[in-house]
Amino acid sequence: LDRCDAYNQLEYKPFDPRSKRTEATVVGPDGVPFKVTKGAPRILAALSPSSPELSAGMDSVLRDLEHRGVRCLAVARTAASSDDEWRMLGILTFLDPPRPDTRAAIETANKYGVDVKMVTG
């Protein structure tokens with residue numbers, strides 16, 4: 001984490017459910033500011049110009065992750081010369097399986113007339 005101390009956050013925009021991402025302006029050790037963002041992979045991919053092959057490959061990876069129930073976020077940054085030219089840096093995956101007692105808890109709630117709904121985002 002010591003390397004992170006060389007960067008200073010100048011501005012921060014919290015997660016916006018409409019844009020499905022968060023954003024910050026950061027200045028690096030070279031003194032040049034740039035923007036970073038994290039959010040829904042397809043949203044960030046739409047910000048980044050890429051080849052059709054790269055887009056198809058990423059879409060294939062995302063579909064595979066979705067089918068396996070693996071949650072993911074993407075990370076991107078702007079080029080130092082432009083606030084509008086985004087470059088995808090990668091996809092972060094998160095395994096978030098249900099707790100072992102989830103089935104029993106839902107069955108108990110249903111027994112008492114509670115309809116269980118799950119909202120994710």
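A search of the whole structure, which is a predicted model, identifies nine salt bridges. Side chains of opposite charge can pair when their charged atoms come close. Three of these pairs are described here, together with the accessibility of the residues that form them.

One of the salt bridges links the side chains of D16 and R18, with an N to O distance of 3.3 Å. The two partners fall into separate accessibility classes. D16 has a relative accessibility of 23% and is therefore classed as partly exposed, since that class lies between the limits of 20% and 50%. R18, in turn, has a relative accessible area of 75% and is exposed, because its value is over 50%.

A second pair is formed by the side chains of E23 and R21, which meet in a salt bridge with an N to O distance of 2.9 Å. Here, the relative accessible area of E23 is 9%, so this residue is buried. R21 is likewise assigned to the buried class, with a relative accessible area of 17%; both assignments follow because buried means under 20%.

A further salt bridge connects R99 with D101, and the closest N and O atoms of this pair lie 2.9 Å apart. R99 counts as exposed, because its relative accessibility is 57%. For D101, the relative accessible area is 37%, and this residue is therefore partly exposed. Beyond individual pairs, K13, R21, E23 and K35 are joined into one network by salt bridges that share partners. R21 and E23, the two buried residues described above, thus belong to this network.

The strand arrangement was examined next. Strands of a sheet pair through backbone hydrogen bonds, either parallel or antiparallel. In the present model, five strands make up an open sheet in the order β1-β2-β3-β4-β5, and their pairing is antiparallel. The edges of the sheet are occupied by β1, which spans residues 8-16, and by β5, which spans residues 86-94; each of these strands pairs on one side only. From one strand to the next, the twist averages 15°.

Within this sheet, strand β3 covers residues 33-39 and strand β4 covers residues 71-78. The two strands run antiparallel and are joined by four bridges. At the level of single residues, K38 has V75 of β4 as its bridge partner.

Technical notes. Residues are numbered from 1 along each chain as its sequence is written. This is a predicted model: local features need pLDDT of at least 70, side-chain atom pairs count only at pLDDT 80 or more; totals for chains, interfaces and linings use all residues. Side-chain values use heavy atoms; hydrogens and water are left out. A salt bridge is a side-chain nitrogen of Lys or Arg within 4 Å of a carboxyl oxygen of Asp or Glu. Buried means under 20% relative accessible area, exposed over 50%, partly exposed in between (1.4 Å probe, protein chains only). Two strands pair if DSSP finds at least two bridges between them. Axes are lines fitted to C-alpha atoms, for helices over the stretch in contact, and angles run from 0 to 180 degrees between N-to-C directions.
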